[in-house]
Amino acid sequence: MLRYRLLLSIALPLMLAHLLWGYMRGRQSRQGLVERLGGLPPGPSTPHPPDPRAPVWLHAASNGELASARPVIDWLVARGDRLLITTNSTTAQDLARRWIAAADLPPETCVALAPLDTRWVLRRFLRHYRPAALIVIENEIWPNRFAMMAQAGHPCLMLGARLSAGSARFWHRLSLGPLLAGLTAVSAQDAASQARFLALGLPASHLLPRINLKTAASPQVLPPLARWPEDWPRRHTWLAASTHEGEEELILEAFAKARMQRPELRLILAPRHPRRGAEIARMIRAKGFALARRSNQDQPSGPVYLADTLGEMGHWYRAAAACFTGGSFVPKGGHTPFEPLVYHCALFHGPHVENAREPYAALDHCGGARCLPTPEALTQAMVSSTQADFTRMTQAAQAGLPETDPAYLQDLLARLAPLLPPPDTKLHPDVIATSS
C-alpha cells in the first residue's frame with residue numbers, strides 16, 4: 001500500500017489537471033468535477049434520511065459493466081437493499097438514471113461519478129454516503145477504497161473480476177497482496193484471473209464461484225424505434241459496434257468494396273464515443289454514401305446508418321445479423337463478445353482482443369466467432385457470409401460458452417447473501433475512519 005500511495009501522490013497533480021482540463025473543454029461538467037472529488041450529486045436522490053438505511057455501494061466502470069451487473073442490482077433491490085451506484089463514465093451514470101426514471105430502480109437509489117482513489121477524497125465521499133458494503137464489478141481495483149472500507153469493518157467484494165497478466169505484474173510490484181487478503185470475497189471472471197488473484201495473495205478461502213456477468217445479461221428492454229422501417233433487412237445488415245478512432249475508415253472502405261459485389265448490404269456504424277459523430281459523418285460522405293444519423297432522428301434510407309447516440313446499442317444488435325466488435329482493428333483490447341451473442345448476432349472481430357482473450361479464443365475455437373485480421377478479410381466475410389453461416393455461428397457460441405447457464409449466477413448470489421449486512425442496516429455517522 002505504501003508504494004501505491006506514493007505513486008498516487010505523484011500522479012495526483014496530473015489527475016486533478018486532467019479533470020480541470022476536461023471541465024474547461026466542456027467534457028466534464030461542474031457537477032461531475034464535484035462528484036469526482038467526493039461531493040454529492042444533485043436532485044432528489046440524497047444519501048441522508050428520510051431513508052435511514054446504509055446503502056450498498058456498487059461500482060461499475062462503464063455501460064458494459066453496469067449492464068452486466070443488472071441481475072446483481074435487481075437481486076439487491078429484491079433483498080431490500082438501498083443502492084449507491086458509482087461509475088467512471090457519464091454514459092453509465094445516465095444509464096442508471098434511466099433505470100430510476102423507468103421505475104426499474106427505487107427512487108432513493110443514489111447515482112454518482114466515482115471518487116478519486118485518494119484518502120482525502122474518499123473520507124469526504126464515505127462521510128457523505130456511509131455505505132455498509134462495497135461491490136466492485138469486473139476489473140476495477142482501487143486499493144484505497146478497499147482499505148478504507150475494510151478499516152471501517154465493511155465487506156468488500158469483487159464480482160466477475162478480471163485480472164490480466166500485465167495488471168497482475170503491476171500490482172505485484174506495488175505489493176498488493178496484503179490488501180487482497182483483506183477482501184471479503186472475489187468471484188473471478190475466468191480461471192486465469194482467479195489464478196492471478198491467488199498468486200497475488202488472495203486466500204483461497206475468499207473465492208466465490210467464477211462467473212462472467214456479461215454472459216448472464218438479458219436483452220435490453222428499449223422502447224420501439226420511431227420511424228424504423230418495418231421491412232428492415234436484418235439478414236443483410238452488419239453492425240460495427242463501439243468503434244474507435246482509426247477503425248471507421250477501415251470498416252467503411254471494406255464495406256464499400258463488399259457492396260460492389262453485394263449491393264443489398266447495409267451497415268450500422270455505432271462509434272464508442274458519439275461525440276465523434278461529425279467526424280465520422282464526414283468519412284461516410286467522403287465514401288460517397290448518403291448520410292443518415294440517429295442523433296438527427298433520420299430514417300435509415302441508405303446503405304450506411306450512423307448510430308451516434310448513447311444507450312441504444314440493443315437496438316442495433318437487434319437490427320443486424322452480424323456484428324464486428326470495435327476496438328479490435330486498433331490496439332484497444334476489443335469490446336465485449338457477450339453482448340452481441342445475447343441478441344443472437346454473429347460475432348466477428350479483429351486481432352486485438354486482449355480485454356477478453358480467453359472468451360474470444362474459446363468462441364473462435366468452437367466456431368462461435370471469427371477473427372478478421374485485416375480490412376480485406378472483413379470485405380470477404382461481408383461478401384461470402386450467408387444467413388445460414390450466421391445461424392451456425394450463434395448456435396455454436398451458445399453451445400461453446402457453458403457459463404451462460406443461469407445456475408451459475410444463482411449459485412453466486414446464494415454465496416453472496418451471507419457476506420452482506422442486513423438490508424435494514426442503519427446509517428451510522430461515526431463508522432468511517434478518518435485517520436491514515
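**Exercise 1. Placing Val-34**

Task: Val-34 lies in helix H2, which covers residues 30–36; work out whether Val-34 is buried or exposed to some degree, and which residues Val-34 is in contact with once its neighbours within four places in sequence are left aside.

Solution. The model examined here is a predicted one. Step one is the accessibility: a residue counts as buried under 20% relative accessible area and as exposed over 50%, and because Val-34 has 25% relative accessibility, it counts as partly exposed. Step two is the contact list, which, leaving aside neighbours within four places in sequence, consists of Gly-39, Leu-40 and Arg-124. Step three sets Val-34 against a distant part of the chain: Tyr-305 is 271 residues apart from Val-34 along the chain, and their C-alpha atoms are separated by 37 Å.

**Exercise 2. The chain as a whole**

Task: Determine what radius of gyration a compact globule of 436 residues would have, and what value the chain has; then describe how many residues are buried, as a percentage.

Solution. Begin with the expectation, which for a compact globule with 436 residues is a radius of gyration near 22 Å; the chain has 22 Å, so the two agree. Next, consider the extent along the principal axes, where the C-alpha atoms fill a box of roughly 70 × 45 × 40 Å. Buried residues make up 55% of the 436 residues, and the chain exposes about 18700 Å², of which carbon and sulfur atoms supply 56%. The secondary structure comes to 18 helices and 12 strands, and, among contacts with a separation of 6 or more, 71% are accounted for by residues 24 or more positions apart. Finally, the chain carries 46 positive and 35 negative charges, whose mean positions are 6 Å apart.

**Exercise 3. Positive phi angles**

Task: Where are Glu-138 and Ser-242 found, and what is the sign of phi at Glu-138 and at Ser-242?

Solution. Start from the background that most residues other than glycine have a negative phi. Glu-138, although not a glycine, has a positive phi of about 75°; it is found in the loop between strand E4 (133–137) and helix H7 (143–151), and it is buried, with a relative accessible area of 5%. Ser-242 is likewise not a glycine and has a positive phi, of about 55°, but its place is in strand E7, residues 237–243, where Ser-242 is buried with a relative accessible area of 10%. A glycine can be added for reference: Gly-80, which follows helix H4, has a positive phi near 100°. Within helix H4 itself, residues 70–79, the buried residues are Arg-70, Pro-71, Val-72, Ile-73, Trp-75 and Leu-76.

**Exercise 4. Cysteines and disulfides**

Task: How many disulfides does the count come to, and why is there no bond between Cys-323 and Cys-345?

Solution. The bond in question is a covalent one between the sulfur atoms of two cysteines. With the cut-off that the two sulfur atoms must be within 2.5 Å, the count comes to 0 disulfides. Cys-156 is in no disulfide, since the nearest cysteine sulfur, that of Cys-110, is 19 Å away; Cys-156 counts as buried at 1% relative accessibility. For Cys-323, the closest cysteine sulfur is in Cys-345, at 5.0 Å, which is too far for a bond. Cys-323 is also buried, with a relative accessible area of 0%.

**Exercise 5. Three further residues**

Task: Which residues are in contact with His-349, Leu-176 and Pro-106, apart from sequence neighbours up to four places away?

Solution. His-349 lies in strand E11, residues 346–349, and at 2% relative accessibility counts as buried; its contacts are Phe-324, Thr-325, Ser-328, Tyr-360, Asp-364, Ala-369, Arg-370, Cys-371 and Leu-372. Leu-176 sits in the loop between helix H8 (165–173) and helix H9 (177–181), is buried at a relative accessible area of 4%, and touches Ile-141, Pro-143 and Trp-171. The C-alpha atoms of Leu-176 and Leu-200, 24 residues apart along the chain, are separated by 6.8 Å. Pro-106, in the loop between helix H5 (90–101) and strand E3 (110–113), touches Val-77 and Ile-100, while its C-alpha atom is separated by 36 Å from that of Ala-322, 216 residues apart along the chain.

Key:
Residues are numbered from 1 along each chain as its sequence is written. This is a predicted model: local features need pLDDT of at least 70, side-chain atom pairs count only at pLDDT 80 or more; totals for chains, interfaces and linings use all residues. Side-chain values use heavy atoms; hydrogens and water are left out. Helices (H or I, at least four residues) and strands (E, at least two) are DSSP runs, numbered from the N terminus. The radius of gyration is taken over C-alpha atoms; the globule rule is 2.2 Å times the number of residues to the power 0.38. Buried means under 20% relative accessible area, exposed over 50%, partly exposed in between (1.4 Å probe, protein chains only). Contact means heavy atoms within 4.5 Å. Accessible areas come from the Shrake-Rupley method with a 1.4 Å probe; for residues, only the protein chains shown count as cover. Lys and Arg count as positive and Asp and Glu as negative; His and the chain ends are not counted. The place of a charge is taken as NZ of Lys, CZ of Arg, CG of Asp or CD of Glu.
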